[in-house]
Amino acid sequence: RSGQLDVRELISLYPFLLPTSSSFIRSHPPLHEYADLNQLTQGDQEKMTKCKRFLMSYLNEVRSTEVANGYKEDIDTALLKLYAEANHESLLDLLVSENFCLLTDSAAWLEKHKKYFALGLLYHYNGQDAAALQLWVKIVDGDIQDSTRSDLYEYIVDFLTFCSDQDLVWKYSEWVLQKNEEVGVQIFTKRPLEEQEKNNINPDDIISCLNKYPKARVKYLEHLVLERKIEKEKYHTHLAVLYLEAILQLKSVTTDNCTETTELLFKLRSLLQKSDLYRIHFILDKIQGTDLHMESAILYGKLEEHEKALHILVHELKDFHAAEEYCVWNSENRDMQYRRRLFHMLLSVYLNPGTSDCALVVAAVDLLNNHAAEFDAALVLQVVPDSWSVQLLSPFLAGAVRQSIHTKRMTQTALGLAQAENLIYKHEKVKQKGTPILLSDKKVCQVCQNPFCEPVFVRYPNGGMVHTHCAANRHLNSKMTHHSSSSSSQT
C-alpha cells in the first residue's frame, strides 16, 4: 500500500490468475528475482495456501479503492479464480454484485472447478440468461454435478418468475411443470403485478398451456379469480367446473369424504356463494343427479328460487343450521323486508301442513326463538298452530314484544326530533320575513291616494303600499307600454 505497488505485479506471481487478455508486463528492472509462487514457496502447499488466502484478502480490500483504477477486470477475474479454487463462500457474493470478471477466462475456470451454479450466475450477470438456465436445468436433471444449492429447482422457478424474456419462460414452462405442478405454476401466478396487469403473457395462452397439468390449472384459475379478482365469466365458470369435476372424480373412487374432497367442497361452495359471474344454469345441469345437495341449494338461491333451495336443505339434507345460514348469507346487503321474507319462507317449509315430523316442529320453534328479530310477530302468530303453548314460544314472544316497544319508542323519538327541527325552520322563516308592516285607516294607497278599507294590500320593495286592484291595473299598464319602474316591477 505504501509503495503504491501495481497490484498486477502481485497477481502475476500466481500462475494463471491474470486473464489471458491482460496486457500486463512485469516492470523492468524486475522488482524481485522470483519467477512465481511455486519458486517462492518451494512447493510447500501450506505456505502456498497462506499466500493465496493473503491475496484473496488483499484483492477484496483494494478492488473498491483507487488502486483498482484501470485494472478492475484483472483484479475481479483473479479474485473469482481464487474463490473458485478455494471453494470460498464469497464466490457467489462476488457474482451477484457489481463485478468486472471477464467472461471467457472466468467461465473456463469455473467449469474446470465444476462450479456450474456460479457459472450460471456469471452468464446471467453478462445478460446470457438462456445459457444460465440451460446449465442449471442440467444440474437439476443430474446431467452435471454441483451441490451448491439443494433448492436449485425452486431457484429456477423464482428466476423464471421475474424473467422478462417471455420466450425463455415458455421454453422452460413444460420442464418446471413436469417437475412439480404446484410449484412450477408460480412462474405464472407470482409474476410482478404490473407485468400481469399489462397482460404481457395472455392468461388464455397460459390456461391452454396448463391443460395437461390439472393441479397447476386450478392454481392459476384461483389466482385469476380469487387473488387478482378478474371479473370474467369464463374464468369463474371454468374454476367452478374444475372443482366440480375433481369432487365427482374423488367421490367415484371412495364414498367417504377424504380431506381433499372436503377441502374442494369448501372451495366450491365459497366460490358459488361469493361469485355472481359464473353460468348458474350450466353448473346446475352438471350437478343434477349427484349428491351435492348443498351446492344445488346455493345455485337455486342465486336464481332467487329460495323455496326449492330451502326444501333441499330441510327435507333432503335435514341440515337445519345450514338452512338458517342460507337465509343469512342470501340476505347480506339486502333490505330488512327481503331478509324477513326468507326467514318466513323457511318457517313455512318447517310448518308445511303435509309434514308431521317432530324434528321440523322443534326446528321451527328453535328458529323463532333464536331469530325473533327477523320475523313479523303478527304474521307468525297467524301461521303457528293453535296447539302451541305460550311457554313454548316465550323467548320469541318476549323478543317480539321488546322489539315492538323499541320500534315504537324509536319512532316517537324520531317524530319528536322531526317536530323540533320543523319548529326551528319555522322560526328561521319568521326571522327571514323582516320587520312587521303596520296598516291603519290613515295610510293611503300610493297609486290612487285613497285609504285602505280592507286588510289586503301589496307592498313594493321600496316600502310603498297600494291596493291590490291598483297594483293589478298598474302591472297591466306596464305590460302594455313595455316598461315599468324598478320600484313597481317587484311585489
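The exercises below, each with a worked solution, concern a predicted model.

**Exercise 1. The nonpolar cores**

Find the residues with the most contacts inside the largest nonpolar core, and establish which helix gives the most to this core.

Solution. Begin with the core as a whole, which has 131 residues, and in which L59, W136, I283, Y350 and L368 have the most contacts. Next, turn to the secondary structure: helix α16, residues 233-253, gives the most to this core, with 9 residues. Then set the core against the domain assignment, where at least three of its residues come from domain 1 (1-144) and at least three from domain 2 (322-435). As a local example, take L59, which, when its neighbours within four places in sequence are left aside, is in contact with V7, I11, I75, A78, L79 and L82. Finally, look apart from this core, where another core of 8 residues lies, including V458, Y460, M465 and A471.

**Exercise 2. The domains**

Work out which domains the assignment gives for the protein chain, and what distance separates the centres of domain 2 and domain 3.

Solution. The assignment gives domain 1 as 1-144, domain 2 as 322-435 and domain 3 as 437-472. With the centres taken over C-alpha atoms, domain 2 and domain 3 are separated by 61 Å.

**Exercise 3. The largest pocket**

Describe the largest pocket by its space, by the elements that line it and by the character of its lining residues.

Solution. The space in the largest pocket comes to about 460 Å³. Its lining has 17 residues, and the closest to the centre of the pocket are K215, V218, A246, E260 and L264. The elements that give two or more residues to this lining are α15 (214-227), α16 and α17 (259-274). Sorting the lining residues by character gives 9 charged, 7 nonpolar and 1 polar.

**Exercise 4. The cavities**

Determine how many cavities of 30 Å³ or more the structure holds, and identify the residues that line the largest cavity and the second largest cavity.

Solution. The structure holds 2 cavities of 30 Å³ or more. In the largest cavity there is about 70 Å³ of space, and its lining consists of F188, R191, E195, Q196, N199, N200, I201, P203, I206, Y220 and R228. Two or more residues of this lining come from each of α13 (193-197) and α14 (203-209), and the lining as a whole divides into 5 nonpolar, 3 polar and 3 charged residues. In the second largest cavity there is about 30 Å³ of space, lined by R1, Q4, L5, Y58 and V67, of which 3 are nonpolar, 1 is polar and 1 is charged.

**Exercise 5. An enclosed helix**

Explain why helix α19 is described as largely enclosed by the rest of the structure, and find what covers its buried residues.

Solution. First list the buried residues of α19, which are M294, E295, S296, A297, I298, L299, Y300 and G301. Since helix α19 spans residues 293-302, this makes 8 of its 10 residues buried, and the helix is therefore largely enclosed by the rest of the structure. The cover over these buried residues includes α17, α18 (280-287), α20 (306-316) and α21 (320-330). After α19 comes E304, whose phi is positive, near 65°.

**Exercise 6. Individual residues**

Decide whether R8 is buried or exposed, do the corresponding check for A86, and state what phi Q4 and F16 have.

Solution. R8, placed in helix α1 (residues 7-11), has a relative accessible area of 12%, and because buried means under 20%, R8 is buried. Leaving aside its neighbours within four places in sequence, R8 is in contact with L18, S23, F24, Y71 and D74. A86 belongs to helix α4 (residues 72-86) and, with a relative accessible area of 44%, is partly exposed; A86 and K52 are 34 residues apart in sequence, and their C-alpha atoms are 8.8 Å apart in space.

For the backbone, the background is that most residues other than glycine have a negative phi. Q4, in the segment before α1, has a positive phi near 50° and is exposed at 73% relative accessibility. F16, in the loop between α1 and α2 (37-41), has a positive phi near 70° and is exposed at 66% relative accessibility.

Technical notes: Residues numbered from 1 in each chain as written. Predicted model: local features only at pLDDT ≥ 70, side-chain atom pairs only at ≥ 80, totals over all residues. Heavy atoms only, no water. Core = buried A, V, L, I, M, F, W, Y, C linked by side-chain atoms within 4.5 Å. Buried < 20%, exposed > 50% of the residue type's maximum accessible area, 1.4 Å probe, protein only. Helix = DSSP H or I, 4+ residues; strand = E, 2+ residues; numbered from the N terminus. Domains from an automatic or database assignment. Contact = heavy atoms within 4.5 Å. 1 Å grid on protein atoms, 1.4 Å probe; cavity = no way out; pocket = protein on both sides within 12 Å on 5 of 7 lines; lining within 4 Å. Points joined across faces, edges and corners; volume = space filled by probe spheres on them. Nonpolar A, V, L, I, M, F, W, Y, C, P; charged D, E, K, R; others polar.
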